[in-house]
Structures are given as C-alpha cells and as structure tokens.
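Open the model in your viewer and keep the selection tool at hand. Each stop below says what to select and what is found there.

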Amino acid sequence: MGRKTTEKVGDVSVQVEYKAVKHLHLSVHPPEGTVKAVVPINTDSEKARLFIVSRLAWIKRRQRAIADQPRKLPPQFTDGESAFLWGKQYRIRLQSTAGRHHVKTKGGWLEIWVRPGTDRRGRQRTLRRYYREELMRETPHLAQKWEKRTGLRASEYKVKLMYTKWGSCNPDAGRIWLNLELAKHNRACLSYLILHELLHLQIRQHTSDFKALLTKYLPTWRSIRDELNNDFPGLPIRE
Ligand SMILES: [Zn+2]
C-alpha cells in the first residue's frame, strides 16, 4: 500500500494514493461517486493535480451518471425501453416463445423472445447472451485482420462484463478479454479494442511507443477511445 492523501480539486475531493505504478489512473466509484487517483510514486503533486484538473469534466460526467442511477428505475428489459446494438439504438419488444430464449432485431425493434412469466433477470440474461454471441461472431475476423497486420497473436479472445474497462490483456497467457458491453457500440470500437489489447502483447504500458503503434495502425484511435469514454452508453454501472 502506498502513501494516501485527499486532494481538493475544484469542488471535487480526490483520494490520492501514491503507488509503484507507471501511469496515473483515475476512477469514480458508486454509490457516492467517490473519486480515486492512483499516482506513480515519484510524481510531482502539482503534476498529478493538473492531470486531475484536465479530467474534471469526465469525473463530473461519471458522478452524474452514478447519481442518476438510484433515482432511475434500473432497466427492465421490457416493451418500449431502448437497447443498443453495434452503435444503433433499438426499441425493445417482448415476444413470447415456448422454445429457447433468444433475441433478434427487426427494423428498429430488438425483440427479446422469452417464455411467458420470465422475470427481469431472465430477460437480462437473454440479452447478455445475445451480446456475447454477437461479439464472438464479430471478433474473429477483426482479430485476424489485426493479427495479420501487426504480426502479433493472442492465444484466445474472451468476453466478460466489466465495470471499469473496455478490455484487458494478460500478456503472459496471451489472453485478451473484451467487455461484453462493446456490443452496444459501433464495430469500430471493438476493432480498436482488439488492436489496443493485441499491442499490449508487445508493450504492456501506454507508453509513447505504444501510442505511436496505435497511430501507425489506426490513425483515428483517439476519437474512437474518446467515444468509448465519453459517449452514451458508457461503462456499465454495477447494480
Ligand atoms: Zn491499454
């Protein structure tokens, strides 16, 4: 555990922890919207403060999203609600089936086919399974494209729901994890994430070399990253 302090940045108080990490990392946590910063041990405190200031708008957006959560009913995955798939907004229509639960899109509708009486959790499970199938369908050809271009190869690509990041990479195992909720964003976001995690097989940290490689293979990566970090729907919030 490193040294801990609390810093006031504007009207936001930030729990700052100095640790043996390479990069400054900010996060906002439910239920109170607590802001935490993990800072490399030798960072000048003014430099850390300036970084936090530069991310203030993002911090406030995350805090607002978290604060809005309890007042809003959690999604019910039922008629009339909206749902996203590959960057497009659909309206949910519940359909009943005696068979296997499944999802299909039809025009602007996203139909959730479930047995009558299926509860909210069951509907959510059905939608999540659909997102997983969609991601697993889109991932292989994108992975193949980036592996061919970069000469890097992952041992496997897996999908799980994550609350704090869009993807991760275990360079030792060569395994890449993709956030289930990437299925809500346009395919360019998934493509970028695959490239990003693949490059971590070569460079673990977000160094300037890492960023230069991203730029070499995907010059528009910054706008895609910003879209993922700023736009709706953002990272899922723990229920
Ligand atoms: Zn990364």
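**Stop 1: the four-stranded sheet**

In this predicted model, begin with an open sheet of four strands, ordered 1-2-4-3 and with mixed pairing. Select its edges, strand 1 (3–9) and strand 3 (25–29): each has a single partner strand, so one side of each has no neighbour in the sheet. From one strand to the next, the twist averages 25°.

Next, select strand 2 (residues 12–19) together with strand 4 (residues 34–40). These two run parallel and are joined by six bridges. For one pair to look at, pick Glu-17, whose bridge partner in strand 4 is Val-38.

Now add helix 1 (residues 45–54), which packs on the sheet and touches strand 1, strand 2, strand 3 and strand 4. The direction of helix 1 makes about 50° with that of strand 1.

**Stop 2: the hairpin**

Keep strand 4 and bring back strand 3. How do strand 3 and strand 4 run, parallel or antiparallel? They run antiparallel, with five bridges joining them. Across this pairing, Ser-27 stands opposite Lys-36 in strand 4. Strands in a sheet pair through backbone hydrogen bonds, whether parallel or antiparallel.

Strand 3 and strand 4 form a hairpin, and four residues lie between them. Select Gly-33 in the turn, where phi is positive, at about 75°.

**Stop 3: two residues with positive phi**

Most residues other than glycine have a negative phi. The next two selections have a positive one.

Select Phe-77 in the loop between helix 2 (56–71) and strand 5 (82–85). Phi of Phe-77 is near 55°, a positive value in a residue other than glycine. Is Phe-77 buried or exposed? Phe-77 is buried, because 23 other C-beta atoms lie within 10 Å and the cut-off for burial is 20 or more.

Then move to Trp-86, in the loop between strand 5 and strand 6 (88–96). Phi of Trp-86 is positive too, near 50°. With 16 other C-beta atoms within 10 Å, Trp-86 counts as partly exposed.

**Stop 4: the two domains**

Colour residues 3–71 and residues 82–230 separately: the domain assignment gives these as domain 1 and domain 2. The C-alpha centres of domain 1 and domain 2 are 27 Å apart. How many residues does each domain bring to the contact? Domain 1 gives four residues and domain 2 gives five residues. On the side of domain 1 that touches domain 2, there are one nonpolar, two polar and one charged residues.

**Stop 5: helix 5**

Select helix 5 (residues 208–217) and find Leu-213 in it. Leu-213 counts as buried because it has 20 C-beta neighbours inside 10 Å. From there, draw a distance to Ile-203: the two residues are ten apart in sequence, and their C-alpha atoms are 9.6 Å apart in space.

**Stop 6: the whole chain**

Finally, zoom out and show everything. The secondary structure of the protein comes to six helices and eleven strands. Along its principal axes, the C-alpha trace spans about 60 × 45 × 30 Å. Of the 239 residues, 23% count as buried. Among contacts between residues at least 6 apart in sequence, 45% join residues at least 24 apart.

Terms used
Residues are numbered from 1 along each chain as its sequence is written. This is a predicted model: local features need pLDDT of at least 70, side-chain atom pairs count only at pLDDT 80 or more; totals for chains, interfaces and linings use all residues. A residue is buried if 20 or more other C-beta atoms lie within 10 Å of its own, exposed if 12 or fewer, and partly exposed in between; C-beta atoms are placed from the backbone. Two strands pair if DSSP finds at least two bridges between them. Axes are lines fitted to C-alpha atoms, for helices over the stretch in contact, and angles run from 0 to 180 degrees between N-to-C directions. Two residues are in contact if their C-beta atoms, placed from the backbone, lie within 7 Å. Domain bounds come from an automatic or database domain assignment. Ala, Val, Leu, Ile, Met, Phe, Trp, Tyr, Cys and Pro count as nonpolar, Asp, Glu, Lys and Arg as charged, and the others, Gly among them, as polar.
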